[in-house]
Amino acid sequence: MTDPVFGPAPDEDEPELVQLLTPEGERVHHPVFDLDFSADQLRGFYRDMVLVRRLDIEATALQRHGELGLWPQLLGQEAAQIGAGRAMRPQDFAFPTYREHGVAWCRGIDPVRLLGLFRGTDQGGWDPKDHNFALYSIVVGAHSLHATGYAMGVQRDGAVGTGDPERDTAVMACFGDGATSQGDVNESLVFAASYNAPVVFFCQNNQWAISEPLERQSRIPLYRRAHGFGFPGVRVDGNDVLATHAVVQAALQRARDGQGPTFVEAYTYRMGAHTTTDDPTRYRRSADVDQWKAKDPIARLEAYLRAEGLADDAYVAGIADEADELGVRMRRVCHELPEPVARDIFDLVHVETTPDLAAQQAAYDAHVASFAEVL
Amino acid sequence: MVTMTVAKALNAGLRKALEGDDKVLVMGEDVGTLGGVFRITDGLQKDFGDDRVIDTPLAESGIVGTAVGLALRGYRPVVEIQFDGFVYPAYDQIVCQVARFHFRSQGRVKVPMVIRVPYGGGIGAVEHHSESPEAQFVHTPGLKVVTCSNPADAYTMIQQAIACDDPVIFLEPKRLYHSAKADVDESAPAAPLWESRVVRPGTDVTLVGYGPTVSTCLDVATVAGEEGRSVEVIDLRTLSPLDLAPVYESVRRTGRLVVVHEAHVTLGLGAEVAARVTEECFHSLEAPVLRVGGYDTPYPAARIEDMFLPDLDRVLDAVDRTFGY
């Protein structure tokens with residue numbers, strides 16, 4: 001489209017999609033983003049994705065059985081999250097949205113702990129410092145600023161560009177295509193660029209912000225927005241675990257080296273609903289879903305593993321058994337998530353509590369005790 | 001003993017905090033070479049470097065949100081919001097993020113940070129430069145809110161707020177920045193941060209103010225004293241948590257209470273003080289608790305701001321009314 005005054009619009013051709021594995025499972029190479037993957041690594045990706053998909057399916061089923069109030073489904077985004085999550089080092093820190101079950105898995109968080117927020121037994125049941133994984137962010141985009149600020153702290157600690165792989169640290173801000181419309185995400189891009197902060201903005205473009213399509217968020221490919229802020233952006237096939245891993249690893253290393261922020265757009269598709277309260281048949285066509293089904297991240301890696309002789313029926317069945325065990329455990333342990341202690345809410349508001357809260361707690365205790373006397 | 005304005009006292013307090021803990025950071029718009037639009041951070045970047053005193057992009061949500069991340073990394077950011085009316089773009093970060101981190105993480109995560117907000121009117125400013133948003137933050141669980149009315153408090157309270165492990169909204173009465181001047185004994189023991197204080201004893205009626213209205217209350221006490229009325233003046237200092245014990249004690253003696261603030265009267269701090277005093281001191285009250293505050297209008301144009309701000313006459317009138325019951 002050419003404007004009569006301002007001339008031609010930027011190139012609107014479909015952007016290049018970094019890909020290392022075709023939907024058919026054929027390994028292809030990329031001049032910049034390529035890696036040699038070991039057999040263990042490839043099998044590891046497969047196991048991670050199968051187990052995380054099971055985690056997601058199981059949690060969805062638990063919601064259907066009334067055990068969870070809500071569940072945001074991950075289905076279809078396994079490759080993006082495992083590829084990115086496995087590119088992180090222990091000292092790196094991730095700031096997730098509420099759909100980052102795969103990244104959480106890579107950070108060593110027990111899947112059952114993810115359920116507490118949605119079961120209503122807690123508000124994020126893990127210690128962020130133990131896993132270098134922040135609590136889920138419900139306000140999409142708010143946490144991208146926390147990631148950027150944390151990265152500014154990493155800089156101040158001198159933990160970038162030292163060349164020591166144990167010390168140099170990167171931060172990853174995860175968000176979706178919808179969040180890119182938020183002011184906070186844009187402000188985080190400004191801050192990251194201004195301070196050259198070691199943060200990777202990992203955007204999973206799953207095409208839908210609940211029912212709003214990508215076209216309602218952006219007229220240009222999302223990764224190109226980074227250029228306007230003054231740092232690189234790249235689009236990767238988010239259903240290709242190898243490509244996502246290679247690109248995110250390069251971006252994280254760039255951050256660790258002190259080269260500043262990168263925006264990675266993982267181009268993928270949310271196969272499930274936004275959350276279990278949603279009905280995607282109201283706003284999207286089944287033909288689109290079928291088209292993306294053919295790009296399934298797990299199927300394509302399995303095809304590649306089989307072709308390379310790295311997996312056979314027995315191997316695949318073994319992973320499936322492991323997934324069954326995970327499912328059984330999630331169903332069992334979900335009920336055992338500790339109930340919150342009501343009177344504790346007064347203690348958790350501040351580090352140093354206040355006389356008012358202490359008085360309200362005492363009044364609550366007395367109120368509860370008054371029922372005990374009646375009984 | 002050094003004579004200081006509130007502005008100088010805050011500057012000295014910030015300097016002390018920066019010297020005492022290398023995790024303390026000052027950040028905000030124009031806080032570096034300019035020293036802030038009110039010069040509160042004057043000279044700090046020169047002495048502590050731009051890694052400790054950080055000029056930020058012009059984005060309030062970004063300033064507060066990145067400060068959260070810095071706090072999570074172990075720093076103690078002191079954020080300057082340039083003017084009260086500009087705190088609203090950061091409102092989501094303050095209310096949904098800063099205030100809740102400790103609670104959401106079940107006590108595992110601390111977000112020690114101070115959000116400094118120059119607030120209140122009386123300086124002839126344009127719109128969005130004279131707001132009193134304290135009730136919005138007092139109404140938010142997880143935040144602590146304080147304000148100072150004199151240089152000595154400014155000097156110590158800013159340091160105490162920075163040392164606090166909880167997030168603190170520090171409201172700086174901008175019309176006192178350069179007008180309130182007093183001796184500050186930098187070595188004197190500080191009053192506890194979360195305590196209000198009787199600044200002038202009296203026996204007939206209690207006046208409660210905070211920040212910019214304390215000096216108005218003191219003026220009222222002087223004038224009323226000439227008319228034979230003994231006015232006790234209490235400076236709240238801490239707005240969340242509210243320390244009303246000295247107020248209860250006072251009202252039990254005087255039987256009369258007037259609360260004075262610049263913020264809109266409806267659902268302002270005065271409403272809370274009135275409700276609590278009614279609960280605690282019902283049988284001691286000789287008159288209903290009265291409030292004098294800003295009207296429930298947006299802050300007006302500077303040429304008529306005097307009609308909006310609680311002044312000597314409006315407060316004196318309220319004092320008179322409490323004797324009419």
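What radius of gyration would a compact globule of 325 residues have, and what radius of gyration does chain B have? For 325 residues a compact globule would have a radius of gyration near 20 Å, and the 19 Å of chain B agrees with this. The legends below describe a predicted model, beginning with chain B.

**Figure 1. Overall view of chain B, with its 12 helices and 14 strands.** Taken along the principal axes, the C-alpha trace of chain B spans about 60 × 45 × 40 Å. Of its 325 residues, 60% are buried, and the surface that chain B exposes amounts to about 12,000 Å², of which carbon and sulfur atoms supply 52%. Among the contacts in chain B with a separation of 6 or more, 81% are between residues 24 or more positions apart. The chain carries 30 positive and 45 negative side chains, and the centres of these two sets are 4 Å apart.

**Figure 2. Overall view of chain A, with its 13 helices and 9 strands.** The radius of gyration of chain A is 22 Å, close to the 21 Å that the globule rule gives for 375 residues, so chain A is as compact as a globular protein of that length. Its C-alpha atoms fill a box of roughly 75 × 50 × 50 Å along the principal axes. Buried residues make up 55% of the 375 residues of chain A, while the exposed area of the chain is about 15,700 Å², with 53% of it supplied by carbon and sulfur atoms. Where contacts in chain A join residues at least 6 apart in sequence, 73% of them join residues at least 24 apart. Chain A has 34 positive and 56 negative charges, whose mean positions lie 2 Å apart.

**Figure 3. The spans of the two chains that carry a domain annotation in UniProt.** In chain A, an unreviewed UniProt entry lists residues 47-324 as "domain: Dehydrogenase E1 component". This span of chain A is 45% helix and 11% strand, and the C-alpha atoms at its two ends lie 12 Å apart. In chain B, an unreviewed UniProt entry lists residues 4-179 as "domain: Transketolase-like pyrimidine-binding". Residues 4-179 of chain B are 35% helix and 18% strand, with end C-alpha atoms that are 10 Å apart.

**Figure 4. Close-up of Thr354(A) and the residues of chain B that it touches.** Thr354(A) is placed in the loop between helix 12 (313-334) and helix 13 (355-374) of chain A. Its relative accessibility is 7%, and Thr354(A) therefore counts as buried, the cut-off for buried being under 20%. Leaving aside residues up to four places away in sequence, Thr354(A) touches Lys144(B) and Pro241(B). The second of these partners, Pro241(B), is shown again in the next view.

**Figure 5. Close-up of the cis peptide bond from Ser240(B) to Pro241(B).** Most peptide bonds are trans. The bond that leads from Ser240(B) to Pro241(B), by contrast, is cis, with omega near 0 degrees. Pro241(B) has its place in the loop between strand 12 (238-240) and helix 9 (245-254) of chain B, and Thr354(A) is a residue that touches Pro241(B).

**Figure 6. Close-up of Val95(B), a residue of helix 4 (residues 91-97) of chain B.** With a relative accessible area of 14%, Val95(B) is buried. When residues up to four places away in sequence are not counted, Val95(B) touches Arg100(B) and Thr140(B). Leu72(B), which is 23 residues from Val95(B) along the chain, has its C-alpha atom separated by 17 Å from that of Val95(B).

**Figure 7. Close-ups of Asp30(B) and His128(B), each with a positive phi.** Most residues other than glycine have a negative phi. Asp30(B) is not a glycine, yet its phi is positive, at about 65 degrees. Asp30(B) is located in the loop between strand 2 (24-28) and helix 2 (44-48) of chain B, where its relative accessibility of 36% makes it count as partly exposed. His128(B), likewise not a glycine, has a positive phi of about 70 degrees. The loop that holds His128(B) is the one between strand 5 (114-119) and helix 6 (134-138) of chain B, and His128(B) is partly exposed, with a relative accessible area of 41%.

Key: Residues are numbered from 1 along each chain as its sequence is written. Chains are lettered from A and ligands numbered from 1 in the order in which they are written. This is a predicted model: local features need pLDDT of at least 70, side-chain atom pairs count only at pLDDT 80 or more; totals for chains, interfaces and linings use all residues. Side-chain values use heavy atoms; hydrogens and water are left out. Helices (H or I, at least four residues) and strands (E, at least two) are DSSP runs, numbered from the N terminus. The radius of gyration is taken over C-alpha atoms; the globule rule is 2.2 Å times the number of residues to the power 0.38. Buried means under 20% relative accessible area, exposed over 50%, partly exposed in between (1.4 Å probe, protein chains only). Contact means heavy atoms within 4.5 Å. Accessible areas come from the Shrake-Rupley method with a 1.4 Å probe; for residues, only the protein chains shown count as cover. Lys and Arg count as positive and Asp and Glu as negative; His and the chain ends are not counted. The place of a charge is taken as NZ of Lys, CZ of Arg, CG of Asp or CD of Glu. UniProt positions are given in the numbering used here, feature names are shortened, and annotations may be inferred rather than shown by experiment.
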